[in-house]
Amino acid sequence: MNRPIMLLVVAGLAAALSSTAASAQEGYREMTVNKGAVISGEAVHAGSPPGPFVIWVKKDAEVFGEKVPDDRLVVSQSGKIKNVVVTLEGIAEGKPWPNHRPQLANKGGRFLPHVQIVRRDVQLEIINRDPVLHNTHGYQGGRTVFNLAQPNQDQIIRKPLKRPGLIDVMCDDHDWMRVWIMVSAPPYVAITGEDGTYTLPEVPPGTYKITAWHEKLGKKQVQVTVKAGEERKVNFTFPVK
């Protein structure tokens, strides 16, 4: 699949996920969760572990170097996938958010972090750590939600993120730079780590759909019912693409 078609496919998946999240997250109510369940698991790659990959720098190589790590598909030697977004769908009330000050840094020809969760209506700090111009451009559901030129090193711009769902972030000056932000009203969202695992604690008893999304491997969804105090394992296996 060539690059323009792949971008359209990924954008379409992100737009669909954003639309679903936006419609399902209105009116979330925080409360104390007594004897909440814990849902945890891992994301697994079905084939031989690919990578690691690099991206060759096409502009400002004197600042960034000739290449940067490619974070779009990171799989451990044991086949565990990093940066899978795991979301508990359809939850109307539950635990409160922890203290939260999200940041997105342009640093070394990359955005950091590659995937993150931001609470709806919280301001995202966008920082340029490089001595060159970056233009941070965020798209959600096919529309621009921010488009920010940052010509100065250590320049910070703050933007509130008001609509739940995935934001696809690119740099208009360095076309290899691309990351993802999941905006959520409920705090029941997790990102798999280096070991491919995630944990969703303090889940009220009930029946839910759990969605696992990866930018290159696509989307998986299962339904799970949890009881008070239960510990439930939910794993996701992604086929080779």
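This report describes the overall make-up, strand pairing, internal cavities and some individual residues of a predicted protein model.

## Overall make-up

The protein has 241 residues, of which 47% count as buried. Its secondary structure consists of two helices and 21 strands. Where contacts link residues at least 6 apart in sequence, 66% of these contacts join residues at least 24 apart.

## Strand β15 and its partners

Strand β15 covers residues 174-184. Ten of its eleven residues are buried, so β15 is largely enclosed by the rest of the structure. On the sequence side, β14 (residues 165-171) is joined to β15 by a hairpin of two residues. The two strands run antiparallel and share seven bridges. Within this pairing, Met 170 has Arg 178 of β15 as its bridge partner.

Strand β15 also pairs with β9, here in the parallel sense and over five bridges. One of the residues involved is Val 115, whose bridge partner in β15 is Trp 180. Strand β9 spans residues 115-119, and four of its five residues are buried, so β9 too is largely enclosed by the rest of the structure.

## The cavities

The whole structure contains two cavities of 30 Å³ or more. The largest cavity has a volume of about 130 Å³. Its lining is made up of 14 residues, and the closest to the cavity centre are Ile 55, His 114, Trp 176, Met 177 and Arg 178. Arg 178 is thus a residue that lines the cavity and also the bridge partner of Met 170.

Which strand gives the largest share of the lining of the largest cavity? That strand is β15, with four residues. Strands β4 (67-69), β8 (110-112) and β15 each supply at least two residues of this lining. By residue class, the lining divides into seven nonpolar, two polar and five charged residues.

## A four-stranded open sheet

Strand β8 also belongs to an open sheet of four strands, in the order β8-β7-β10-β13, with mixed pairing. The edge strands are β8 and β13 (155-160), each of which pairs on one side only. From one strand to the next, the twist averages 20 degrees.

Inside this sheet, β10 (residues 123-128) and β13 run antiparallel and are joined by six bridges. Asn 128 stands opposite Gln 155 of β13.

The loop between β10 and β11 (134-140) holds Pro 131. Pro 131 counts as exposed because its relative accessibility is 52%, and exposed means over 50%. Apart from residues up to four places away in sequence, Pro 131 touches Val 63 and Gln 153. Pro 131 and Gln 153 are 22 residues apart along the chain, yet their C-alpha atoms are separated by 4.9 Å.

## Backbone features

Two peptide bonds that precede a proline are cis. One joins Gly 51 and Pro 52, with omega about 5 degrees; Pro 52 is in the loop between β2 (37-45) and β3 (54-56). The other runs from Leu 112 to Pro 113, with omega near 0 degrees, and Pro 113 lies in the loop between β8 and β9.

Lys 35 and Glu 202, neither of them a glycine, have a positive phi, as listed below.

| Residue | Phi | Location | Relative accessible area |
|---|---|---|---|
| Lys 35 | about 55 degrees | loop between β1 (29-30) and β2 | 68%, exposed |
| Glu 202 | about 55 degrees | strand β17 (residues 197-203) | 39%, partly exposed |

## Lys 220 and its surroundings

Lys 220 is placed in strand β19 (residues 218-226). Is this residue buried, partly exposed or exposed? With 31% relative accessibility, Lys 220 counts as partly exposed, because that class lies between under 20% for buried and over 50% for exposed.

Leaving aside neighbours within four places in sequence, Lys 220 is in contact with Ile 210, Thr 211 and Ala 212, as well as with Phe 236, Thr 237, Phe 238 and Pro 239. Of these, Thr 237 is 17 residues from Lys 220 in sequence, with a C-alpha to C-alpha distance of 8.4 Å.

Terms used. Residues are numbered from 1 along each chain as its sequence is written. This is a predicted model: local features need pLDDT of at least 70, side-chain atom pairs count only at pLDDT 80 or more; totals for chains, interfaces and linings use all residues. Side-chain values use heavy atoms; hydrogens and water are left out. On a 1 Å grid over the protein atoms alone, a cavity is a set of points where a 1.4 Å probe fits but cannot get out, and a pocket is an open set with protein on both sides within 12 Å along at least five of seven lines; lining residues have an atom within 4 Å of a point. Grid points are joined across faces, edges and corners, and a volume is the space filled by probe spheres set on the points. Ala, Val, Leu, Ile, Met, Phe, Trp, Tyr, Cys and Pro count as nonpolar, Asp, Glu, Lys and Arg as charged, and the others, Gly among them, as polar. Buried means under 20% relative accessible area, exposed over 50%, partly exposed in between (1.4 Å probe, protein chains only). Two strands pair if DSSP finds at least two bridges between them. Contact means heavy atoms within 4.5 Å. Axes are lines fitted to C-alpha atoms, for helices over the stretch in contact, and angles run from 0 to 180 degrees between N-to-C directions.
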